[in-house]
Amino acid sequence: MDANRQLSADTDSPGVDLLGMARRHWWLVLLMVGAGLLGAGQFTGMQKKVYESATSVLVSPLGNGQDANSTSGRTKGDINLDNEAQLVTSTTVATDARELMRAGETPDDLARNVRVEVPPNTTFLVITYSSNDARIAQAGSHAFAEAYLRNREESAKTEVAGRIAILNDKLNQLNASLLQINNRLANLRPTDPNRPNLESQRTTATSQINTLAGQLNQLLTTTVNAGKIIRDADLPSRPVKPNRLLNLASGAMVGLLLGVGAALLRERLDQRVRRPSDLPRRVDVAVLAAVPGRVKPRLDDVFAPFGAGGRIFNRLRNEVLASIPAPNGADARVALAGQVVVVAGASRGAASTVVAANLAAAFARTGAETVLVCAHLPDSLVDTASVNRMLGVRSVPGLSDVLAGRFSLSSATQRAPRHPNLSVVTTGGTASAGGLLQSQALRDTLATLRERAAYVIVEAPSTATSADAQSLASLADAAIVAVELRRTRNTEVADAADQLRRVGTPLLGAVVLPRLAGARGTEERDTQEVTVADDMTTVLDKLPPKEPEEPIGQKRIRTGAAAATVTAPKVVQAPPPSVPKRQTRTISVTRVNADTVGENGADKRR
């Protein structure tokens, strides 16, 4: 079973699972990505164009103590650029910029269009102005930079003037005090005890006057430099918004995420079997074999023995033999002779036909006598064509004719031309055979086949259409469920497993097939129109009557070296059907070229 999984392209790894999901729902993901791109295009068209222009300003220290930096300042210098950036968008600067721009907006509205950035480890301010007009963006950036420098220079000059005025007042007070001290000293005698104190006050006043005079002299000679524009605003050539490339990329990404989410949701809600790993995980049914997608099962031939499909069914045969233990104390080779295995489809279709025919061929390749019983009663003549093409046998007489008492089992058993050890009992005519699969005649037929063959493979009807598969499973030694990917639902597999287990028959597991293709194309065969009777009863009435059954003891076949030689049952050739004149219809019948060779190397001529 591990070897079968190696041939399959489906694994349980999450990566391959996601890739498989994307491959199955690629149209949904592509649709969402296209919708995202379309939405991004419409959003881009609805957006207004926005132009931006930037001016770089070098901020210089004023040198008057006004630029003292705080502990949390942006740089380690004398200027706190964080405060300066806030000053650019202040109402005072915005008012001055409004006058320079001659704009009609309020200062607060103009300030909302300004963005100030401070490059790391620099004393630069980058003042950016946004507008839906390129020239306004250029003028606004320059105006705010110019207004900021003017405001900073005026503030510095005002500060210097204020400090000069304060120093002049202090000097005037000290000069007046010094004048009084000098007058008092002039009126005192040299031996007056107050003279030393007054001289000390005069010295102190003189020292303070000298200090203040030095500070005043420094302020009077100070040159105020608020900064300068390093790079003036340029006229923007293209808008920064809308960014078409960014919007399209964002729309595609959003569409991709929505597509993946929708694919996950669809995968979650989809009840069809997508991978062989779904069966043990969702419905608790083991996978005996899985035919990979690259091996396409067809409805006109069985797999070649040494091809990929043939090896899969050879391993399936070994799995079936290993899963049916021999009774205690019995020889395994003898005990396994006459075993009946039912292959039932979980859903409508030809999955059970493909599995049953290939499994029967795999058993026949061991040299043991094998019988394939087609118990899937068709609804029309077209449904009977699958086994006929695959094994090269006639459609009538078959099981339904035997159960109805029209023909004997020997006359309904046909040898497969390309498989010497394989006999086939087809479904039979399309005449009503309701209830015959649950009759005693079917039990007797299977008991007879157990005596005649080593292995009996029964193609049962689908469990989704009737209870006949459950009745057949009660007469078998083991059961297998045929599952067709992307067609069979998980609930159908669970229902099929429940039906087969209720009758006490061991359910060995499931055989998983990819979605089945039709028969070979018209380029490999010629077709011609023929008319056939609308009902197969016309054909059956012209066939020879029922022949007596041969004694069961003479038909016993066992595996092993001591197996008896068995003569193939006599096959009665049916005469061509008469064509009614009125109720007729036309179907397509295949004519195979004489040089056509089957997949297993045998001649495919009928």
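**Exercise 1. A salt bridge between two loops**

Task: Which residue forms a salt bridge with R418 in this predicted model, and which parts of the chain does the pair tie together?

Solution.
- Step 1. Find the partner. R418 forms a salt bridge with D301. Their closest N and O atoms are 3.3 Å apart.
- Step 2. Check the cut-off. A salt bridge needs a side-chain nitrogen of Lys or Arg within 4 Å of a carboxyl oxygen of Asp or Glu.
- Step 3. Place both residues. R418 sits in the loop between β8 (413-415) and β9 (422-425). D301 sits in the loop between β5 and α11 (308-323). The pair therefore ties together parts that are 117 residues apart in sequence.
- Step 4. Look at the surroundings. Both R418 and D301 are buried.

**Exercise 2. More charged pairs**

Task: Is E484 buried or exposed, and what is the state of R487, its salt-bridge partner?

Solution.
- Step 1. Recall the principle. Side chains of opposite charge can pair when their charged atoms come close.
- Step 2. Take the pair. The closest N and O atoms of E484 and R487 are 3.8 Å apart.
- Step 3. Apply the cut-off. Buried means under 20% relative accessible area, and exposed means over 50%. E484 has 1% relative accessibility, so E484 counts as buried. R487 has a relative accessible area of 37%, so R487 is partly exposed.
- Step 4. Look at a network. E52, R115 and E117 are joined into one network by salt bridges that share partners.
- Step 5. Add another pair. D278 and R275 meet through their side chains in a salt bridge, at 3.2 Å from N to O. Both D278 and R275 are buried.
- Step 6. Give the total. The count comes to 16 salt bridges.

**Exercise 3. The order of the sheet**

Task: What is the order of the strands in the open sheet of 8 strands, and which are the edge strands?

Solution.
- Step 1. Read across the sheet. The order is β5-β12-β11-β6-β10-β7-β9-β8. The pairing is mixed.
- Step 2. Find the edges. β5 and β8 each pair on one side only, and they are the edge strands.
- Step 3. Add the twist. Neighbouring strands are turned by 25° against each other on average, direction ignored.
- Step 4. Take one pair inside the sheet. β7 (residues 370-374) and β10 (residues 455-460) pair in the parallel sense over 5 bridges. Here C374 stands opposite E459 in β10.
- Step 5. Add a helix. α13 packs on the sheet and touches β6 (339-345), β7, β9, β10, β11 and β12. The direction of α13 makes about 170° with that of β10.

**Exercise 4. Strand β12 and its partners**

Task: How many bridges join β12 to β5, and how many join β12 to β11?

Solution.
- Step 1. Start with β5 (residues 287-290). This strand and β12 pair in the parallel sense over 3 bridges. A290 stands opposite V512 in β12.
- Step 2. Go to β11 (residues 478-484). Here 6 bridges join β11 to β12, and the two strands run parallel. V481 stands opposite A510 in β12.
- Step 3. Follow the chain. It crosses from β11 through helix α19 (residues 490-502) to β12. This β-α-β crossover is right-handed.
- Step 4. See where the helix lies. α19 packs on the sheet, touching β11 and β12. The direction of α19 makes about 170° with that of β11.
- Step 5. Check the cover. β12 (residues 507-513) is mostly covered, with 7 of its 7 residues buried.

**Exercise 5. The largest nonpolar core**

Task: Which residues have the most contacts inside the largest nonpolar core, and which helix gives the largest share of this core?

Solution.
- Step 1. Size the core. It has 46 residues.
- Step 2. Name its best-connected members. L372, L391, I457 and I480 have the most contacts inside the core.
- Step 3. Find the main source. Helix α13 (residues 351-364) gives the largest share, 10 residues.
- Step 4. Look closer at I457. Leave aside its neighbours within four places in sequence. The contacts of I457 then include V341, V343, A356, L359, F363 and L372.

**Exercise 6. The whole chain**

Task: How many helices and strands does the chain have, and what share of its residues count as buried?

Solution.
- Step 1. Count the elements. The chain has 20 helices and 14 strands.
- Step 2. Give the buried share. Of the 606 residues, 44% count as buried.
- Step 3. Sort the contacts. Take those between residues at least 6 apart in sequence; 79% of them join residues at least 24 apart.

Definitions and conventions: Residues are numbered from 1 along each chain as its sequence is written. This is a predicted model: local features need pLDDT of at least 70, side-chain atom pairs count only at pLDDT 80 or more; totals for chains, interfaces and linings use all residues. Side-chain values use heavy atoms; hydrogens and water are left out. Buried means under 20% relative accessible area, exposed over 50%, partly exposed in between (1.4 Å probe, protein chains only). Helices (H or I, at least four residues) and strands (E, at least two) are DSSP runs, numbered from the N terminus. Two strands pair if DSSP finds at least two bridges between them. A crossover is right-handed if, with the strands pointing away from the viewer, the path from the first strand over the helix to the second runs clockwise. A nonpolar core is a set of buried Ala, Val, Leu, Ile, Met, Phe, Trp, Tyr and Cys residues joined through side-chain atoms within 4.5 Å. Contact means heavy atoms within 4.5 Å. Axes are lines fitted to C-alpha atoms, for helices over the stretch in contact, and angles run from 0 to 180 degrees between N-to-C directions.
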